Every structure is written in C-alpha cells, then in structure tokens.
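Hello,

Here is the structure I promised to pass on to you. Please have a look at it first, and then read my notes on what turned up.

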Amino acid sequence: FTAVAFTMGPTMAGLITGSIVMLLVLMARIDAIEGFIPDSLLFCTTALGYVLAMSGVGVGVEQAMVTHLIVFFSLYCIFQGISWLTKAQPMGMADYHLFSIAGVLLGSDVLLVFCLFLPMLILTQICKHWSKWEPGVFARLVGSKAVPAGPAIVASTVLVLGLRVNGFLP
C-alpha cells in the first residue's frame with residue numbers, strides 16, 4: 001500500500017489501486033493457506049477494478065469489460081475441456097476470477113500475466129516447500145494437496161500492474 005501511495009501520490013486512483021493490491025495479497029494468502037478464496041473478496045476487488053477502469057488511470061470500462069469476459073470464458077472453456085478429458089480439476093473457479101480481475105485492471109496487458117504465471121507458480125511452490133506452510137483448517141478438512149494458483153496469479157498481476165503504473169508499460 002505504501003509503495004502504491006509513493007508511486008501514485010495521495011489521489012483517489014492511488015487509494016483505489018492500493019486497496020486492490022491489498023485485497024489481492026489477502027486473497028493470495030488465504031488461497032495459500034486454506035486452498036480457497038472467498039467470493040466476497042473476489043466481488044469487491046472486481047468492483048474496485050471497474051471503478052479504477054473508469055478513472056483516468058485505468059484501461060477504460062469498455063476494454064476492462066471485454067477483457068474480463070474474454071479471459072473468464074476462455075479459461076472456463078479450456079479448463080472445463082481439460083477436466084472433462086482428464087477427469088481432474090486443474091484450476092478452481094476462483095482462479096478464473098483472479099485472471100479476470102487481472103483483465104479488468106490491465107486490459108490487453110493481461111497477456112503478460114499469463115506469461116509470468118508459470119514462473120510465479122514454480123516460485124510459489126519453492127516458497128511453500130522452504131517455508132513449510134501448514135495448511136489451514138479448511139485445507140486439512142478437505143485434504144487438499146493441490147498447488148494453490150492464487151498466489152502466482154496475484155504476484156503476476158501485481159508485478160504487471162506495478163510496471164504499468166510506473167510507466168514501463170504503455
């Protein structure tokens with residue numbers, strides 16, 4: 001939040017961006033420990049993303065909406081096809097929503113998030129192994145051995161958003 005405040009200044013767009021980053025980090029932490037992301041956090045972050053899209057800092061409402069829908073439904077169709085073929089669920093519904101939030105925030109730059117996702121997923125697994133993260137109550141109850149994709153999606157999104165806000169991306 002402090003980094004966003006120093007970068008964007010004490011503006012409404014800075015407050016909204018800082019809130020979005022804070023919510024994204026919270027979602028990554030919950031997903032890493034519990035293996036799920038609350039829908040309320042996804043909804044609030046999406047709504048704030050659209051508010052940011054309406055500001056002069058965002059990508060514009062039209063581009064945000066188009067990218068949001070394309071990303072969500074493309075991922076949904078691809079991974080539902082994969083799960084139908086393999087009888088396994090490679091990604092959860094919240095992960096589709098996180099990628100869609102990245103689309104709302106970044107527009108066509110969301111492609112960079114997809115490029116950074118795999119390296120960030122590997123880094124997440126290394127950190128998880130080194131730090132010996134203990135699964136939370138919910139994850140122990142469900143017995144989830146899945147790799148949480150949320151932290152990798154969030155790290156990729158925040159990195160690309162930071163590059164954009166600091167002028168490294170158009």
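**What I found**

Let me begin with one residue: Leu26 is partly exposed, because its relative accessible area is 41%. Please keep in mind throughout that this is a predicted model. Leu26 sits in helix 2. Its C-alpha lies 12 Å from that of Phe1, and the two residues are 25 places apart in sequence.

Helix 2 itself is made of 23 residues. From first C-alpha to last it reaches 32 Å, close to the 33 Å expected at 1.5 Å a residue. Gly35 follows helix 2, with a positive phi near 80°.

**Helix 3**

Helix 3 has 16 residues and spans 23 Å between its first and last C-alpha atoms, which is close to the expected 22 Å. Its buried residues are Leu41, Leu42, Thr45, Thr46, Gly49, Tyr50, Leu52 and Ala53. Which elements cover them? Helix 2, helix 4 and helix 5 are among those that do.

Two residues of this helix show opposite settings. Asp39, which belongs to helix 3, has a relative accessibility of 61% and therefore counts as exposed, the cut-off being over 50%. Between the C-alpha atoms of Asp39 and Phe6 there are 30 Å, with 33 residues separating them along the chain.

Ala53, also found in helix 3, is buried, because its relative accessible area of 3% falls under 20%. Leaving out residues up to four places away in sequence, Ala53 touches Gly58, Val59, Gly60, Val61 and Ala64. For the pair Ala53 and Ala64, the C-alpha distance is 6.6 Å at a sequence separation of 11 residues.

**The nonpolar cores**

In soluble globular proteins, nonpolar side chains tend to be buried together. In this model, the largest nonpolar core holds 39 residues. Which of them touch the most other members? They are Leu24, Met91, Leu98, Phe99, Leu105 and Phe117. Two or more residues come from each of helix 1 (2-8), helix 2 (12-34), helix 3 (39-54), helix 4 (61-86), helix 5 (93-106), helix 6 (110-131) and helix 8 (150-165).

Take Phe117 as an example from this core. Apart from residues up to four places away in sequence, Phe117 is in contact with Met91, Phe99, Ala149, Ala152, Ile153 and Ser156.

There is also a second, separate core of 5 residues, including Tyr50, Ala53, Val59 and Val104. Ala53 and Val59, which both appear there, also touch one another.

**Three polar or charged residues that are buried**

I would look at these next. Ser100 is found in helix 5, and with a relative accessibility of 1% it counts as buried. Its contacts, other than residues up to four places away in sequence, are His68, Val71 and Phe72.

Asp95 belongs to helix 5 too. Is Asp95 buried or exposed? It is buried, because its relative accessible area is 9%, and the cut-off is under 20%. Beyond its neighbours within four places in sequence, Asp95 contacts Asp31, Ala149, Gly150 and Ile153. Ala149 and Ile153 are also among the contacts of Phe117.

Thr67 lies in helix 4, and its relative accessibility of 11% places it in the buried class. Excluding residues up to four places away in sequence, Thr67 touches Gly103, Gly107, Ser108 and Val110. The C-alpha atoms of Thr67 and Leu106 are 8.6 Å apart, while 39 residues separate the two in sequence.

**The second largest pocket**

One last site: the second largest pocket has a volume of about 170 Å³. Its lining consists of Phe1, Ala3, Val4, Thr7, Thr17, Val21, Val158, Leu161, Gly162, Val165 and Asn166. Helix 1, helix 2 and helix 8 each give two or more residues to this lining, and the largest share, 4 residues, is from helix 8. How many of the lining residues are nonpolar, polar and charged? The division is 7 nonpolar, 4 polar and no charged.

Happy browsing, and best wishes

Note on methods
Residues are numbered from 1 along each chain as its sequence is written. This is a predicted model: local features need pLDDT of at least 70, side-chain atom pairs count only at pLDDT 80 or more; totals for chains, interfaces and linings use all residues. Side-chain values use heavy atoms; hydrogens and water are left out. A nonpolar core is a set of buried Ala, Val, Leu, Ile, Met, Phe, Trp, Tyr and Cys residues joined through side-chain atoms within 4.5 Å. Buried means under 20% relative accessible area, exposed over 50%, partly exposed in between (1.4 Å probe, protein chains only). Contact means heavy atoms within 4.5 Å. The expected span of a helix is 1.5 Å times one less than its number of residues. On a 1 Å grid over the protein atoms alone, a cavity is a set of points where a 1.4 Å probe fits but cannot get out, and a pocket is an open set with protein on both sides within 12 Å along at least five of seven lines; lining residues have an atom within 4 Å of a point. Grid points are joined across faces, edges and corners, and a volume is the space filled by probe spheres set on the points. Ala, Val, Leu, Ile, Met, Phe, Trp, Tyr, Cys and Pro count as nonpolar, Asp, Glu, Lys and Arg as charged, and the others, Gly among them, as polar.
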